[in-house]
Each structure stands twice: as structure tokens, then as C-alpha cells.
Amino acid sequence: MSDHILTLGGVQEEQPAHDAHATSTGISNEKLAMWVFLGSDCLLFGALISTYLLLRHRSTTGPEHLRVPKDVFDIPFTSVSSFVLLMSSLTMALAVGAIHRGDIRRCRAFLATTALLGATFIGGQVYEFTAFKREGLGFTTNLFGSAFYTLTGFHGAHVSIGIMFLLSLFVMSLRGNLGPDKAETVEIFGLYWHFVDIVWILIFTIVYLIP
Amino acid sequence: MAIVERPATPALQLPPGAAVAERPLGVFTRPTATTGWRSWLTTVDHKRIGIMYGAAALFFFFMGGVEALMIRVQLTAPDSKLYSADLYNQIFTMHGVTMIFLVVMPMGAAFMNYLMPLQIGARDVAFPRLNAFSFWTFLFGGIFLNTSWFLGGGANGGWFAYAPNTSVTFSPGHGMDFYALGLQITGIASLVGAINLIVTVLNMRAPGMTLMKMPVFTWMAFVTQLLLVFAIPVISVALVLLTLDRTFDANFFNTAAGADALLWEHLFWIFGHPEVYILILPAFGVVSEIIPVFSRKPIFGYPFMVFSGIAIGFMGWGVWAHHMFASGMGPISVAAFSMSTMFIAVPTGVKILNWLATMWGGRITFSTPMLFAIGLVTMFTIGGLSGVTHAVAPADTQQTDTYYIVAHFHYVIFGGALFAFLGGFYFWWPKVFGWILNDKVGKWQFWLTLIGFNLTFGPMHILGLQGMPRRQHSYKEGYGFELWNHVATVGAFIIALAFLVFAYNIIASWRAHKANPVNPGPDPWDSRSLEWMLPSPTPAHNFDEVPTVSHLDEFWHRKYAEDETGKVVRVATSEEAAQKGDATNVHLPSPSYWPLVLAAALPLIGYGLIFSPAFAVVGGITVLLAAYGWGLEPADDPEAHHAHAAHDEHDEHGDGDDGPGDDDGDDSPEPKDDDDGEVVAASVKESSDDE
Amino acid sequence: MSTDLQTHLGSPFEPHHETHEHAHPSDKLYIVTALILAVITAAEVATYFIEGFGDLNTGAQIAILFPMMIAKFVVVCGWFMHLKYDNPIFRRIFVFGLVLAVCVYMVALTSLHLFGDAA
């Protein structure tokens with residue numbers, strides 16, 4: 001029994017799926033680790049959001065017409081982006097559901113869709129940022145620019161890392177390496193993806209809708 | 001391939017499409033060495049990692065100590081012109097950064113990594129490779145930070161690095177970039193390590209080991225990890241903002257652009273205050289192990305010790321702005337944080353009283369570990385009392401930025417954490433290495449340390465109240481600072497002498513052991529917790545069989561019981577109650593290169609951000625490749641032979657069979673390996689005997 | 001004294017199946033959840049188009065938008081991330097981090113005088 005304690009759940013060929021018996025709490029090490037990490041990520045994004053809130057209206061440099069969020073944001077566009085990301089959470093959940101049922105093909109399809117939706121979101125961000133930049137709001141232009149791009153940039157980086165992981169899972173499944181024993185891996189990644197979505201739920205309201 | 005030939009039991013039938021072990025990216029084969037220097041580079045054994053943390057901490061302590069002596073030499077006399085103001089700034093900044101991030105934190109990590117799995121009855125931590133990664137990342141981050149000395153100058157903005165002072169305008173040169181990036185790297189190490197140890201404590205306790213049966217040390221380590229996991233992200237953001245300002249011209253701390261000069265201070269101290277509890281809680285844990293053993297009494301008020309530790313963990317989040325009383329943040333903030341700071345003395349007071357109550361009525365032996373532990377109790381109390389005076393905001397306005405503060409934090413960090421860790425070295429040395437440090441020499445070290453320490457930092461209370469400011473490269477004649485500065489410098493060199501005695505003791509005791517090897521046995525101190533149930537040095541596989549725990553101080557209860565009259569009587573000798581350490585073929589997590597490779601890539605990115613983007617690109621690619629290599633590598637090498645030990649719980653038929661990977665059901669013992677009796681249990685195939 | 005903690009953290013090594021009595025949610029449940037989220041999002045976005053919403057003071061805007069934001073947050077956590085049905089440890093750790101972040105940063109922002117002046 002002791003080696004089960006040490007092996008990563010869902011990655012070992014010896015470890016059947018859901019072998020959570022070996023731990024004191026009955027839950028898997030990896031899942032617990034992910035939740036602990038997500039708890040710590042709250043502090044990270046909290047700091048970035050707070051910094052943004054503090055600084056967004058205090059710019060004293062840069063073009064006069066680009067000092068505050070209201071001048072710059074395109075809410076309809078961002079709303080579509082937000083909706084896209086929200087739907088990617090749905091497809092992620094469906095991917096997890098599929099692999100729990102042993103339906104690898106469906107899981108693969110949903111993983112790909114999630115990655116696609118995530119990429120669409122990132123594409124939207126890139127488009128949005130280049131539009132702002134063209135208007136004159138760069139990273140170094142003023143406080144608002146620095147704070148805004150840093151916050152959304154961090155979030156975008158989290159999404160991008162997620163997309164890379166999704167693509168890795170997709171490739172693994174094409175090679176036959178993503179079986180039902182890996183259901184927990186997909187589930188744990190799903191937690192990360194939903195968290196990234198949650199952060200956007202916060203950012204969309206706090207940053208965009210309440211300028 | 002080995003896997004196909006293993007007789008698979010039904011539970012092991014691979015479902016279609018399940019992973020088959022692959023060579024990671026076809027580049028490196030899995031390392032298999034268990035001895036030699038290469039085995040240390042690829043080890044994932046928590047004990048070796050703990051030893052490496054300890055060695056690194058002592059190495060950095062030497063550097064920080066030299067920096068301290070340089071400060072003291074400069075300040076012995078007024079108007080000293082030994083160093084320029086800028087060089088002095090670098091010296092005191094690097095002294096602080098080194099001592100906090102590269103000495104006390106890793107020293108705590110050394111004890112926590114080595115002991116925690118043993119104290120909960122586990123074979124290793126939850127994620128052994130991640131553990132190795134934490135160590136290497138810390139080490140490379142610390143080295144990276146110190147290369148600043150050769151690459152343009154050390155960080156010079158104080159260990160707290162207040163921005164905007166540390167922005168490019170006021171801190172040109174690369175020193176602060178090394179600071180920001182170096183601490184970012186070590187921060188990753190701490191964060192990842194914290195996640196690892198939290199999962200370990202929650203998930204990997206031996207049967208019967210409920211949370212309230214864990215030793216106090218493990219509890220304090222657990223609270224420390226929880227503090228780390230939530231505090232590190234905050235300083236990470238602060239450091240990112242600083243790096244963005246310095247390297248990419250952002251405006252976060254550009255007051256001319258409208259920035260708030262206090263943003264950095266808040267972010268830093270939201271991390272910084274929990275940080276000081278991160279420094280001290282493991283030390284409190286160490287002392288809570290030592291005092292009961294050398295008083296021959298259980299810890300007084302175990303639940304209070306646990307809950308006061310938890311309380312410190314909670315309340316530590318509510319006091320950070322007491323570092324900012326003189327910052328101009330306004331009277332309401334000052335008043336609020338002044339009050340919260342007064343409250344936080346309470347749980348620590350509970351601990352002090354409990355340690356005293358443990359000693360009261362005990363049969364005390366004043367061995368070196370006990371002396372250092374008592375040292376913490378007394379010295380930390382002094383530091384805590386001056387701390388209480390800081391809580392009174394009007395008084396603090398006088399004290400802040402003076403040597404009174406310097407006195408306070410050295411009493412709690414040096415007199416507290418370091419004293420405890422020194423005691424911990426003496427206490428656990430036999431367990432870790434299989435030989436004892438000479439106690440007589442240890443006592444010399446203790447008294448020299450105590451005297452030197454008090455001579456150095458005691459007078460600083462006076463100097464501070466007389467008005468000597470901190471962080472100034474020299475002071476003028478005529479203020480009356482000369483006498484106590486002289487005394488402090490003498491004290492500092494006595495401390496240095498004490499550490500030379502420590503080094504001497506290590507070498508001399510080792511030599512004595514080599515000349516006349518006498519194993520101290522599993523339990524030289526007649527101790528209480530599970531790590532003492534194992535042979536010294538601890539076997540690679542930790543426990544022969546995972547113990548079932550029914551008491552707090554489980555090992556003690558295996559040696560002692562109460563007779564009919566309620567008297568405590570010995571029922572087993574240490575040797576009888578301890579495990580033999582001779583289990584063979586116990587499955588251990590396999591070594592790996594990837595943690596080392598991934599860790600090495602991080603400073604590359606750092607150099608890239610400071611000097612040339614090419615480094616960063618190489619570093620980034622290496623990170624990606626290493627991450628994939630690591631991810632695709634199975635946690636345990638399936639080509640490592642790993643039949644189960646005879647008594648393993650998995651063994652349903654009692655014939656040493658039934659474990660996964662038991663490819664021949666053969667329980668024949670592997671030969672014992674090393675010449676100093678170290679049992680090598682990681683039974684890795686050297687010749688492929690099943691191809 | 002250990003029983004309370006034991007109940008939730010499990011006696012070590014008892015054959016303790018993961019609290020998965022709640023069977024894996026069906027696709028239908030996920031889709032319904034996503035629809036709810038979409039509706040709330042639509043309501044949030046609608047505020048942008050409502051005349052006069054932007055002229056309300058910040059406090060009022062927050063009072064209207066935050067409950068929607070929090071509802072979405074809770075729904076994604078509870079159902080997509082399965083926090084409602086999983087072992088309480090996950091909820092505790094995550095909520096602790098979340099609450100800690102909110103408290104600590106609210107205090108810091110208050111000290112930095114973000115609130116009080118008309119934003």
C-alpha cells in the first residue's frame with residue numbers, strides 16, 4: 001500500500017483511477033495540491049486587482065483622453081469575449097464528464113473545443129490591446145495603462161498556459177495515452193481552468209463594468 | 001520491456017489506452033545512482049534534501065556573517081570611512097536578505113523536510129520530485145542573488161526594498177534587479193514546497209495519527225506552510241511590479257505619474273509580517289520537541305501549543321502595517337494596527353508559559369540542545385518584550401528606524417530562531433548522521449554564542465533610544481554612540497568565534513567517530529516522537545513497516561507505561577521499541593534529473609531580464625522542455641525493481657507478494673551496501689535480470 | 001478532541017471512498033449551469049446599455065453588479081468545480097484563501113484611502 005502513497009494518482013499504470021484510499025483524508029494528493037494552489041492564487045490576483053483599483057484613476061501622465069477606463073473600454077466587445085470564456089468552462093466540464101464515463105473521443109473533442117474557445121478569448125484580448133495601443137494607451141503610457149495591462153496580462157498568461165496544457169492533453173489522447181485512469185488529471189486541470197474563468201468573472205465586473 | 005512481463009493482477013490490468021512508461025523525450029534515461037555525488041543531484045529523498053537545505057543554509061550563513069562583521073567593523077568608531085555609503089548600503093541589504101531568505105528560511109526547511117515525514121510516519125513527502133525542485137530552485141536563486149556582487153554590485157535598497165526608492169531613478173545599477181528576480185525565484189521554491197508539505201501533512205499520516213496526535217513540531221511546520229502558501233503570492237506581485245517598473249518602464253511606483261508611495265509598503269508587509277512568523281514557528285516547534293525530552297515530561301498543554309500556533313498563523317495577517325507607523329498612512333490605520341499588534345503577543349506568551357511549565361517539576365538535563373532551547377525561551381522573551389513596546393504607536397514613532405528596532409528583531413530572529421536551530425542541530429545530528437556532536441564543545445559554543453549575542457545586540461536597545469539611526473554608514477562623533485558600538489563589535493567577533501567552535505565541533509566529532517565508530521543507536525536522548533524509532537542514521541526507506549499510532553508521543557508510549565499504581569515504568573528499551581531498519585526491497589520514489597534542470601533554467605531567465613533577452617529565451621525554452629520531460633516521466637521508474645517488504649500492509653497472503661510490480665514474488669534481500677552501515681533499500685536494478 | 005477534525009478529515013487509512021456519493025454530474029446539469037451563467041452575464045452586460053446606469057454613484061453600481069458577479073462565482077465554484085459536493089477540505093482551503101485575500105486587500109485599500117473619496 002505504501003508505494004501508492006507516493007505515486008501520482010492517475011498517472012501511474014499501477015494506480016487504478018480514484019484510488020484515494022491510500023491517503024489519510026481519502027482524497028488524492030494531486031487534487032488537494034491543486035486546491036491549495038488555487039487558494040494561493042487568490043492572493044496573487046487579489047494583489048493585482050487591488051493595485052489596479054488603487055491606480056486606475058490616478059494617472060497624471062499620458063494623453064488626456066486616455067486617463068481613465070471609461071475613455072478606452074469597448075464593453076460590447078469584451079462582453080463577447082467574456083461569454084466565450086464562460087462557454088469554455090462549459091466545454092471543460094463536459095470534457096471531464098466524458099472521460100469519467102470513459103468516452104475518450106468525446107473528451108478529446110471537448111478538450112479541443114475548450115482550447116479553441118480559450119484561444120478565441122486570447123485573440124480577443126490581443127485585438128483589444130492592439131486597438132488600445134493604436135489609440136495611444138501603451139503599457140508605459142500612464143498608471144492606468146501599466147495596471148490594466150499587468151492585470152489582464154497575468155490573467156491572459158494563466159489562460160495561455162491552460163491552452164498549452166489542453167493541447168498537451170489533446171495530443172496525449174490522440175496517442176492513446178489519455179485513458180479513464182487519467183480522468184482525475186483532466187478533472188484537476190479543469191479546476192485550474194474554471195479558476196481562470198472565475199478570475200475573469202471578477203475582472204469583467206470590477207474592471208470593465210464598474211469603471 | 002519489463003512491464004509486459006510482469007504478471008498483472010486484475011487490479012493492475014491496464015485499461016485500453018492507459019499510459020505506458022516512456023523514456024522522457026528519449027533524451028535522458030532515468031538516473032539510478034544511489035551513492036556518489038550524482039545521486040545527490042538527482043535525489044528525491046526528503047532526508048537528503050533536508051541535509052542539503054541545512055548545508056546551503058550554513059554556507060549562506062557564513063556569507064551573511066561576513067557581511068555582519070563588515071558592518072560592525074565599520075560602525076566601531078565614528079566617522080568611519082572604510083566603505084562608501086553605497087557599499088555600506090549593499091552590505092547591510094545583502095546581510096538582511098541573506099540571513100532571512102537564504103539562512104533562516106532554508107534552515108527551517110531543512111528541519112521540516114527531514115523530520116516532518118518521519119514524525120507523521122510517512123516514507124516521503126507527497127511529491128518527491130517537487131521537493132527536489134524546491135531545493136534546487138532555492139539554491140540557484142540564492143546563488144543568482146549573490147552573483148550580483150560580481151555583476152555590478154549587490155542590492156542596496158534594504159531587505160525591504162521600499163519603492164520608489166528602489167526604482168531605477170534612485171537605485172540605478174543592477175543590484176535591485178538581482179534582488180527582485182532572485183527573491184522571485186526563491187519565492188517559487190517556497191510556494192511549491194509549501195503546497196507539497198501541506199498535502200503531505202493532510203494526506204500521508206500513518207494509521208492512527210490524527211491531527212491532534214502529531215508532534216508540536218509538525219504542527220508548527222504545518223502552520224508555517226499555510227502562511228507561506230498565502231504570503232508568497234503577495235510578495236511575488238510586489239516584485240513583479242518592481243521588475244516591470246525597472247525593466248519595462250511601467251509606472252507603478254512612479255509618483256510623478258501619480259503612483260502611491262505606500263503601495264509597495266503595503267504589499268511588502270502583507271507578506272513581510274507573516275514572513276516573520278514563518279521564520280519563528282519552525283523554531284518554536286524545535287524547542288517544543290527538545291524541552292520535553294530534556295525535562296523528561298510531556299509538553300505542557302499540548303492543545304494550547306497547537307492552537308496558539310494556529311492563532312499566530314491567523315493573527316499574523318492582521319498586523320502588517322505596524323511596520324508602517326511612521327509612513328504617514330494616517331491615524332486611523334495606525335490606531336487599528338497598533339491594537340491588533342498588542343493582541344498578537346498573547347499566543348506567543350502562551351507558548352513561553354507552556355515551555356516553562358513543561359520544565360517545571362521535570363528532571364532537567366542541561367545538554368547542549370536544552371541549553372539552546374532555553375536560550376530561545378529567554379532571548380525570544382526579551383525580543384518579544386521590545387516588540388510589545390513597538391506596538392504602542394507613539395512610542396514606536398521614537399523607536400522606528402533606530403537601533404532599538406535592530407535590537408528587537410535580532411533578539412527574536414537570532415536569539416529565537418537561530419538558537420533553536422542550533423539546538424536542533426545538536427539534538428537531531430545523531431539521527432541524521434549516525435554520530436553525535438561533542439556535548440562539552442557544544443556547551444562552549446552555547447555560552448560563547450549567548451555572551452557574544454547579548455554583547456552585540458543588548459546595547460543596541462540603548463543606542464536606539466539614544467537616537468542612533470539605522471542604515472547609516474557612519475555616525476558622527478559627539479553623540480555618545482562610541483562606547484556601545486565598541487561593545488557591539490566585540491560581541492560580534494565573539495559570535496564569530498562561537499561559530500568557529502561549531503565548525504570545529506563538527507570536524508572534530510566526525511574525526512572522533514571515524515577513529516572510533518560507535519553508533520549512538522536509534523534513541524540517544526530517550527525521546528518521544530517517531531523519528532527516534534528508527535536506526536541512526538535514518539534508513540533510506542524510513543520505516544520498515546508503517547507504524548500504527550495510538551498516542552501523542554507514540555514512541556514514548558512504546559517504551560513506557562503506567563503500572564497498577566499509576567507509576568511510570570519502562571516496558572521496553574529503545575532498541576526493543578525501535579525498528580531494525582533492515583527491511584529490503586521497499587519501494588522508494590525514483591530519482592530524477594528534471595527538478596534540477598527546471599530549477600537551473602530559472603536564473604537563466606533572470607539573467608536574461610537583466611542583461612540579454614537571449615538568456616531569457618534559452619531559459620524559457622528549457623523551462624518548457626523540462627516541464628514536459630518531468631510531466632511525461634512517471635513518478636516512479638517502472639523499471640526499478642520494487643517487490644514489497646514482507647510486512648507491508650498490502651501483503652494479503654503473508655508471503656511477501658501481492659504488491660504491484662512484484663514481478664517474481666521473490667523476497668530475497670538485497671545486499672547491504674555502504675561501509676558505514678547505511679542500508680540501501682532503494683533496490684534499483686543494476687543488471688537487467690528479467691529481459 | 002480529535003473527533004471533530006477526524007470526522008471531516010477522515011480517520012487515517014480507513015477505507016474511505018472519496019465523497020463521490022453524488023454521482024458525476026450529467027452533461028445536462030452542466031449545460032443548465034452554463035445557461036444560468038449566460039443569463040446572469042447578459043443581465044450584467046445589460047447594465048451597460050441602460051440609460052443612466054453609468055451616472056449612478058459607484059456604490060449603487062456595485063450594489064447591482066456585485067451580487068451578479070458573486071452569483072456567477074459561486075455557481076462556477078460549486079458546480080463546475082464540484083466544490084459543493086466534494087470533501088469539505090477543498091472548500092475550507094479555497095474559501096480561506098479567498099476570504100483572506102478579500103479582507104487583507106480591503107484593509108490595505110482602505111488604508112490607502114481608495115474608498116471615501118468619490119471614485
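Is N542(B) buried or exposed? I started there, keeping in mind that this is a predicted model.

**Entry 1: N542(B) and its loop**

I counted the C-beta neighbours of N542(B) inside 10 Å and got 26. The cut-off for buried is 20 or more, so N542(B) counts as buried. I then looked up its backbone: N542(B) is not a glycine, yet its phi is positive, about 60 degrees. N542(B) sits in the loop between α15 and α16 of chain B.

P537(B) has its place in the loop between α15 (482–515) and α16 (554–559) of chain B as well. I checked the peptide bond that leads into P537(B) from S536(B) and found it cis, with omega near -10 degrees. I note for context that most residues other than glycine have a negative phi, and that most peptide bonds are trans.

**Entry 2: R471(B)**

I looked at R471(B) next. R471(B) is not a glycine and has a positive phi of about 55 degrees. Its loop is the one between α14 (439–465) and α15 of chain B. Is R471(B) buried or partly exposed? I find 13 C-beta neighbours inside 10 Å, so R471(B) counts as partly exposed.

**Entry 3: P164(B)**

I went back along chain B to P164(B). The peptide bond from A163(B) to P164(B) is cis, and its omega is near 0 degrees. P164(B) belongs to the loop between α5 (128–146) and α6 (175–203) of chain B.

**Entry 4: helix α7 of chain B**

Does the span of α7 of chain B agree or disagree with its number of residues? The helix covers residues 216–248, which is 33 residues. At 1.5 Å a residue I expect a span of 48 Å, and the end C-alpha atoms are 46 Å apart, so the two agree.

I also followed the axis of the helix. α7(B) has a kink of about 30 degrees at A231(B), and the proline P233(B) comes shortly after that point. I looked up how covered the helix is: 31 of the 33 residues of α7(B) are buried, so I put the helix down as mostly covered. Just after α7(B) I noted D249(B), which takes a positive phi of about 65 degrees.

**Entry 5: chain A**

I moved to chain A and listed its elements. Chain A has six helices and zero strands, and the order along the sequence is α-α-α-α-α-α. I took the extent of the C-alpha trace along its principal axes and got about 65 × 35 × 25 Å. Chain A has 211 residues, and 61% of them count as buried. I then sorted the contacts in chain A with a separation of 6 or more; 76% of these are between residues 24 or more positions apart.

**Entry 6: chain A against chain C**

Which elements of chain A give two or more residues to the side that touches chain C? I first counted the contact itself: 41 residues of chain A are in contact with 48 residues of chain C. The elements I was after are α2 (29–55), α3 (75–100) and α6 (183–209) of chain A. By class, I find 23 nonpolar, 17 polar and one charged residues on this side of chain A.

**Entry 7: domains of chain C**

I looked up the division of chain C last. Chain C is split into domain 1 (22–86) and domain 2 (87–119). Taken over C-alpha atoms, the centres of domain 1 of chain C and domain 2 of chain C are 20 Å apart.

Technical notes. Residues are numbered from 1 along each chain as its sequence is written. Chains are lettered from A and ligands numbered from 1 in the order in which they are written. This is a predicted model: local features need pLDDT of at least 70, side-chain atom pairs count only at pLDDT 80 or more; totals for chains, interfaces and linings use all residues. Two residues are in contact if their C-beta atoms, placed from the backbone, lie within 7 Å. Helices (H or I, at least four residues) and strands (E, at least two) are DSSP runs, numbered from the N terminus. Ala, Val, Leu, Ile, Met, Phe, Trp, Tyr, Cys and Pro count as nonpolar, Asp, Glu, Lys and Arg as charged, and the others, Gly among them, as polar. A residue is buried if 20 or more other C-beta atoms lie within 10 Å of its own, exposed if 12 or fewer, and partly exposed in between; C-beta atoms are placed from the backbone. Domain bounds come from an automatic or database domain assignment. The expected span of a helix is 1.5 Å times one less than its number of residues. The bend at a residue is the angle between axes fitted to the seven residues ending there and the seven starting there.
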